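Okay, thanks everyone, let's get going. I'll put the model up and then walk you through two interfaces.

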Amino acid sequence: MLELGVCYYPEQWPREKWEQDANRMVELGLAWVRIGEFAWARIEPSPGEFHWEWLDEAIDVLGGAGLKVILGTPTAAPPKWLVDRHPDILPVDARGVVRKFGARRHYCFSSRRYREEATRITEAMAARYGENAYVHAWQTDNEYGDHDTIYSYSDEALRAFRLWLAERYETVDELNRAWGTSFWAMHYNSFDEVELPNNLVEEPSPTHIVDFIRFSSDQVKSFNRAQVDIIRAHSPGRPVTHNFMSQNTDFDHHKVGEDIDIASWDVYPMGGLLNGRLAVEDKAHYMRVGDPDQPAFNHDLYRSVGRGRVWVMEQQPGPVNWAAHNQSPADGMVRLWTWLAYAHGVDMVSYFRWRQVPFAQEQFHAGLLLPNSEADQGYLEVAQVAEEMKGLPKGERRDKAQVAILLDYNSRWATRALPQGRSYSAAATALDWYSTVSRLGVDVDFIGQHSDLDGYQLVLAPDLVIADAAFVERLAKSGAKVLFGARSGSKTEDMHIPEGLPPGPLSALIDVSIARVESLPDFHKETVLYGNETFEAGVWRETIRTSEMVLATFDGEYRNGAPALVGNDKARYLATAARGALLQKVIDDALGWAGVESLSDLGDLRVTRRGRLRFAFNFGKTTAEVPAPEAATFHVGGRRLAPVGVAIWTE
Amino acid sequence: MLELGVCYYPEQWPREKWEQDANRMVELGLAWVRIGEFAWARIEPSPGEFHWEWLDEAIDVLGGAGLKVILGTPTAAPPKWLVDRHPDILPVDARGVVRKFGARRHYCFSSRRYREEATRITEAMAARYGENAYVHAWQTDNEYGDHDTIYSYSDEALRAFRLWLAERYETVDELNRAWGTSFWAMHYNSFDEVELPNNLVEEPSPTHIVDFIRFSSDQVKSFNRAQVDIIRAHSPGRPVTHNFMSQNTDFDHHKVGEDIDIASWDVYPMGGLLNGRLAVEDKAHYMRVGDPDQPAFNHDLYRSVGRGRVWVMEQQPGPVNWAAHNQSPADGMVRLWTWLAYAHGVDMVSYFRWRQVPFAQEQFHAGLLLPNSEADQGYLEVAQVAEEMKGLPKGERRDKAQVAILLDYNSRWATRALPQGRSYSAAATALDWYSTVSRLGVDVDFIGQHSDLDGYQLVLAPDLVIADAAFVERLAKSGAKVLFGARSGSKTEDMHIPEGLPPGPLSALIDVSIARVESLPDFHKETVLYGNETFEAGVWRETIRTSEMVLATFDGEYRNGAPALVGNDKARYLATAARGALLQKVIDDALGWAGVESLSDLGDLRVTRRGRLRFAFNFGKTTAEVPAPEAATFHVGGRRLAPVGVAIWTE
Amino acid sequence: MLELGVCYYPEQWPREKWEQDANRMVELGLAWVRIGEFAWARIEPSPGEFHWEWLDEAIDVLGGAGLKVILGTPTAAPPKWLVDRHPDILPVDARGVVRKFGARRHYCFSSRRYREEATRITEAMAARYGENAYVHAWQTDNEYGDHDTIYSYSDEALRAFRLWLAERYETVDELNRAWGTSFWAMHYNSFDEVELPNNLVEEPSPTHIVDFIRFSSDQVKSFNRAQVDIIRAHSPGRPVTHNFMSQNTDFDHHKVGEDIDIASWDVYPMGGLLNGRLAVEDKAHYMRVGDPDQPAFNHDLYRSVGRGRVWVMEQQPGPVNWAAHNQSPADGMVRLWTWLAYAHGVDMVSYFRWRQVPFAQEQFHAGLLLPNSEADQGYLEVAQVAEEMKGLPKGERRDKAQVAILLDYNSRWATRALPQGRSYSAAATALDWYSTVSRLGVDVDFIGQHSDLDGYQLVLAPDLVIADAAFVERLAKSGAKVLFGARSGSKTEDMHIPEGLPPGPLSALIDVSIARVESLPDFHKETVLYGNETFEAGVWRETIRTSEMVLATFDGEYRNGAPALVGNDKARYLATAARGALLQKVIDDALGWAGVESLSDLGDLRVTRRGRLRFAFNFGKTTAEVPAPEAATFHVGGRRLAPVGVAIWTE
């Protein structure tokens, strides 16, 4: 069953409003309330002087009204007095400039001092509230990675990076080998000679870059793990979550996900649209509904990160403040996004925020209530969702999908370190593949190389740059067929070209050998001939040598007739970064090949299922027909679905 | 009567040229000459060693020839020896990098040392020349704000900012309240914990930003005031001016204007066009004549800043050097701009510069003379103006207009601190409103919230973000009707959303309540239905609740039928950042509503009046008919006005 | 005769591959191998501890197989231990940030310590290998100027700059005069007051900028010269070269060229196309063949820099890694570029690199071999060239051309210091003029102002901003006619406008006087009437006064009828930065005027000659007819030339 919640900041409102707010939340149908994640300076206004009383009271009021409290550790915002005492807490940007106090996330993950302090405040908070009857869950910190804060170029980071390298490589010779320091005479005689990869004359070794990302990712994991361990010790039985950001790949979310009980994420589709992959005309088309696939992509991704458990910690309730432009969603979208989340396996949707705050940075960010406490549009839509929920069958869980998309953080970092072509975007590629499958009405799970492959009929690997041998072996043994995109298998863990050419270990599945790669500007067009149709190819092209069956060929002036898609019974390899119609053709064929049932192109409609429940969402501008059988029972909406409409049925 | 002048740098030319230059200036019809504003290193080449003799002589030569000297204090360019002795004079940029000596304006307004030194040299200069018979006016410093020099992030600025905050807020609790530091736990325990708002992890509190701007503006005011006080003490009866830049809003010009006798500004329409608000096709159309409204806008604005008295200190005499491209104005434009200035109330136009300098940074900047002293085009046009002036009735003053546009610096800073949408430009909005009125043949005054409202029939407030209660009360009592643009009244002085929603205090005039705002990218189009016509709306849209009459509505997919323009007998509120045809319709209707007579759209023609004189200027590419009565007497030009033409008549 | 070679890095490959590689090189037809230029850390892994044995052995293996070794000094990559010992070696960027170790070229040319160290390692290397029988040539350092490394803003650079200024100007008064410090009171009392021209409030004096460039250029010259002197002392009879970059004008290549025996350069036409002057549609057209004129331009330029001797040290053998996009050249282009080089006077073409390296920064850069040692496309094409070479007449040298283009580094720096218009590109202008001549089938030499003018019929001076009197005098006495482009003669050596207006000393050749200049944005179009045809003019326009014959006039709204091209029997002056059809018309006429035979527009075909050999290259997409006489003997290709085709014949 879908539960609803809201983010609330008692410290920002007069004491006399708390009861009224809490009662109104319950009345609206909310079950959860998140608090506390930026409250350090209120809890400990000066060194060692704790003011718990207001927080005690806030929890009492909220809990007493019937709400389950999610308590955030306040480490995303260390107080000024702390930063002034220990300036080595502050992060340093890539230009070498200290990033000052005055907003949030002003800490370096490698600061030893900050680790101590973050541990100290977490310990204090967990000790005080761990057994509090109203505290039902915990959130660590807030949005790791927001404002580009994973990477810090401080002295503390340098020190920690050298230690990390020493642990990884054991000998400096091994580092020299991995980084390829015989190139340009970058040779190191000791780990203490290594620098952080900023402010260099030219780009550093790609292995240097990727190792710095891996190191930084590990710092996040251990920072988070320290808090989780403390919370679990003091607050057994309460799930711990962290609220991730959409599509952030600055650290390995799978690895941080291992240490928490539920993955949650923050859903802001309006800014997601404007910052996203779509062409300007598509952005205009979806202006007030967002990219139809971006929220679903992240629900599915974080369901994987949370090993099946996923929440929405912050759902946009109206226009926000932080994008280049901040358009209003269409009326009805808050409801639609809530049902979309539920359909994709989300069990709790919490809105950000209860009431629009009339001061400080985010005062243009809508809430469920206007600043004067009148209900805003979002409030009305939440009330509708709460009402509709009552009519639905209970207890439905999302089933495992037949199709899995592989999202490998290590591979992302590989393309970041060696992009090779400015037009190639790994983020856009992943979302394009996901979107293509979704438009064909097929549900998807995300997986990592560590994931169980059981039951998948088709694995899609858009750009598994660094494939590990164990994964390839498991894939080989699984019943899944697999479609590899360009760049797959093109680097080793050391960021080298595999011996015997790419795709390295994937050669065990398919006999291809990549003899040449090239990246192309957007204004140049290559074409592919696939089954008598000609398609536009992408901005990345490879020349492959193969003994496999050729399914499609390049067509044009350069190496006309060269294979563009080849395959055998187990695996296919696509030699271009396909988009649009070509990608749809490739994936549609692959679904058929793998025996996965699909629909014809849904256009702006999306359908998905959770247990027995079937869902349809209309992101278009005209009424659409829902692909439900005659005998379907509609619980919400109906067969004819207006724009911004939601239909839920059982068959 | 219009007086003419020129900027001259005796220190840049051999002594033997001075007499000849001075005589030629007089012969050309010039009455004024500005000198001295970058001459510190010549006056005091080493510490305490003053070389006045050359300046004495220059003043003697120029004054002796019959010219009135405007003497500039040389504080815009401290000498190298001074900077080397006191490096804390230097400003620091937003990245934290010291801005070095080698050009000009290399000082921090908060440097205590520089205050002393600027006072010292001003005192010395005023003491020496205060009673000089040839010195008829003074200029303080030069172009405050040029090269982004209002904001400095030095230690001196930090120290002064903290003191300023302590004075403003008295207690740090009050600062915490105003800045909203309960948000993101930005809480301060003392004023000494506050940082400058640069190099933060994320944007600071908008109140933090606006306070830093207010502080910086106050620093300019007190820096300028110190010089004015010294000059007035030594040189009674001589007016003091400062030459402002066009459309700079980095500090409050009204406030600096209070301390001087005449506002002057520097007129460079060619660069103004290229850097300005117009679309590329309009820039191409006006390539050699400039934006028709940008110079007039600034004449009218600085007439207000100078409380009725306005000069042009620097008039572009041909192509310049500092823009991205430096096109030549059409032949005739120097004359046209001079007459335009006079028409808009300017009493003295000084050209920059006498002779093109063959060395250093500005050698591509035209003068009235070529480097070899031949007359350039501008010289010939000045001669024409001087001749034409003789035939005009004397003593005409510009009358107060019926329409006032409110330009509030504090509100500008509010939109800068919280832009909320990248497409919204307060600068373009103000100029668009001005231009729209001008195209309808209506004269305009600029006002601030401090201004007398007597006699205005219509007040236009394009975006009075922060309205003060006293102004609203005076406006209510005045006979003026008022048209408010979107965002009006949307913030308090503390940069909060007003209690009870925007437009806060303006609700006293009109019953509207802004329930939602949104900003839109340029590629998205909203439309408005206004009197059966459909118009394109702007990049900012508001949802308003109102009991007032609805004059126009939004029309389209999102909240179709929502009010776009509402009003009562006193006030109207426009819920979109209108441009183009919609803005013209709104303003045209408002003029009629307020009983202000207007003409139909003048296209590329502009008309205005100064006392009994009527002026028309043709910025177009074809001959135009001047809207003069049959009986008009033409003093300059005639009824048929060729491109680049000027007509002056009485009726 | 054309010799072939390759760049090889024994330190990057297992010892057991060396013999096989060496033998295969010989078998392929290669005569030269370049090694050693980044090997410092391998040669001297810790202070004073030299490991020559591997290099001894590598030279033995390569030389023993029959290859001539070009040995590079390893100074482009100082080891980490050296940088850690002496951090003042590191360069500082224009923001003032130290550029760290981790890539290459991490040294400041002004570091005294680095001069000593570079000298020490060069001495050691030259002493050891100077008389080695296999070492046939030397290369100093590698690609001076790559990664923007000519300009360093370190303390060492400041110190050296002040000394350089003291030497240049002798007295600070003279510097004050030259820099025009009476402008903005920038006056200096001593050389020690002068700063480097970075992080200023506004742009510094243009003379300050140009002097800093001149100084930096001189630092490169003396740095290089020190190595050359050492090598010549130890290795008499072996030519010394340096591998320049295409179109780099950060230092004076003519001056560095004086000190070496052969100029070489590195040929990367794919990135050259994408970064280059052409419009997007032309870039799309030439996507896989590159700008037809960019390689030839540089061959001709470096032939001049090398005073007749020019090599290609690095020839792109396939796609590379460093451009924004890295497209593959068409199959056949490696062969075409090799023959093009030979045709333009290159005597040795060395490919970069032997085998694609599977690690570090350049792993996406193709080699002649794939990483697994299979032959890549380039290998096959080199084999074809080697075979074709056998059939050609031997001993042909390129003759002096009839037409010379003047490329003056000092003038380039002048337009960089005072661009005056963002649309004007001196680099594009030079290449446009070269390309226009080439399309008319006419061979070109590049010259500097120092060059011998004997035998030229036409000198083209696209923008000789700073003309020296001696050159003008020699030009006057020569038999050559001359066409000057806009901006010619517009500055003195001090970066002043010449007395009596531009074109200063050129007035001795042609009676023109530039009364006004203007720069225009690309969206504005001026037109020129030339012999009854109307042409689009360029982004730079001048108003000239002249008594010479007017050959073409401006045509349009602004100064209609003003001269656009004027001339007498000796010289012509073009008052606009002409491009495209106008430039072709101007140059075509000038060729006729000078009695130089030309062809009609060749389109995508290029023809040139080396001694008796005639060459044609087809850069187009369709088969073209070669302009060979009936009786021609074809040695390579034939009369009908397919795309990517090469024809070589004698007549």
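So, how much area is buried between chain A and chain C, and what part of that do carbon and sulfur atoms give? Keep in mind that this is a predicted model. The buried area comes out at about 4900 Å², and carbon and sulfur atoms give 56% of it. On the chain A side, the residues that lose the most area to chain C are Phe183(A), Trp184(A) and Val201(A); together they make up 16% of what that side buries.

In terms of residues, chain A puts 50 into the contact and chain C puts in 63.

Now the polar side of things. Between chain A and chain C we count 7 salt bridges. Here's one you can find on the screen: Glu526(A) pairs with Arg288(C), with the closest N and O atoms 3.0 Å apart. There are also 27 residue pairs in polar contact across these two chains, counting pairs where both residues are at pLDDT 80 or more.

Which elements of chain A are involved? β13 (512–519) and β16 (540–546) each supply at least two residues of the side that touches chain C. The largest share comes from β13(A), with 5 residues. If you sort that side of chain A by class, you get 22 nonpolar, 14 polar and 14 charged residues.

Okay, next, inside chain A. The chain is divided into domain 1 (3–151 + 219–390), domain 2 (403–593) and domain 3 (605–650). I'll stick with domains 1 and 2 of chain A, whose C-alpha centres lie 36 Å apart.

Where they meet, 21 residues of domain 1 of chain A contact 18 residues of domain 2. That buries about 1700 Å², with carbon and sulfur atoms giving 56%. Which three residues supply more than any others on the domain 1 side? Those are Thr249(A), Arg277(A) and Phe297(A), with 37% of the area that domain 1 of chain A buries against domain 2.

The rule finds 3 salt bridges across this domain interface. Zoom in on Arg303(A) and Asp445(A) and you'll see their side chains meet in a salt bridge, 2.7 Å from N to O. Across the same two domains of chain A there are 11 residue pairs in polar contact, again with both at pLDDT 80 or more.

On the domain 1 side, the elements giving two or more residues are α9 (253–257) and α12 (294–305) of chain A. α12(A) gives the most, 8 residues. By class, that side divides into 6 nonpolar, 8 polar and 7 charged residues.

That's it from me, happy to rotate the view.

Conventions. Residues are numbered from 1 along each chain as its sequence is written. Chains are lettered from A and ligands numbered from 1 in the order in which they are written. This is a predicted model: local features need pLDDT of at least 70, side-chain atom pairs count only at pLDDT 80 or more; totals for chains, interfaces and linings use all residues. Side-chain values use heavy atoms; hydrogens and water are left out. Contact means heavy atoms within 4.5 Å. Buried area is the accessible area (1.4 Å probe) that two parts lose on being put together, summed over both. A salt bridge is a side-chain nitrogen of Lys or Arg within 4 Å of a carboxyl oxygen of Asp or Glu. A polar contact is a pair of N or O atoms within 3.5 Å; within protein, one must be able to donate a hydrogen and the other to accept it, and residues adjacent in sequence count only if both atoms are side-chain atoms. Helices (H or I, at least four residues) and strands (E, at least two) are DSSP runs, numbered from the N terminus. Ala, Val, Leu, Ile, Met, Phe, Trp, Tyr, Cys and Pro count as nonpolar, Asp, Glu, Lys and Arg as charged, and the others, Gly among them, as polar. Domain bounds come from an automatic or database domain assignment.
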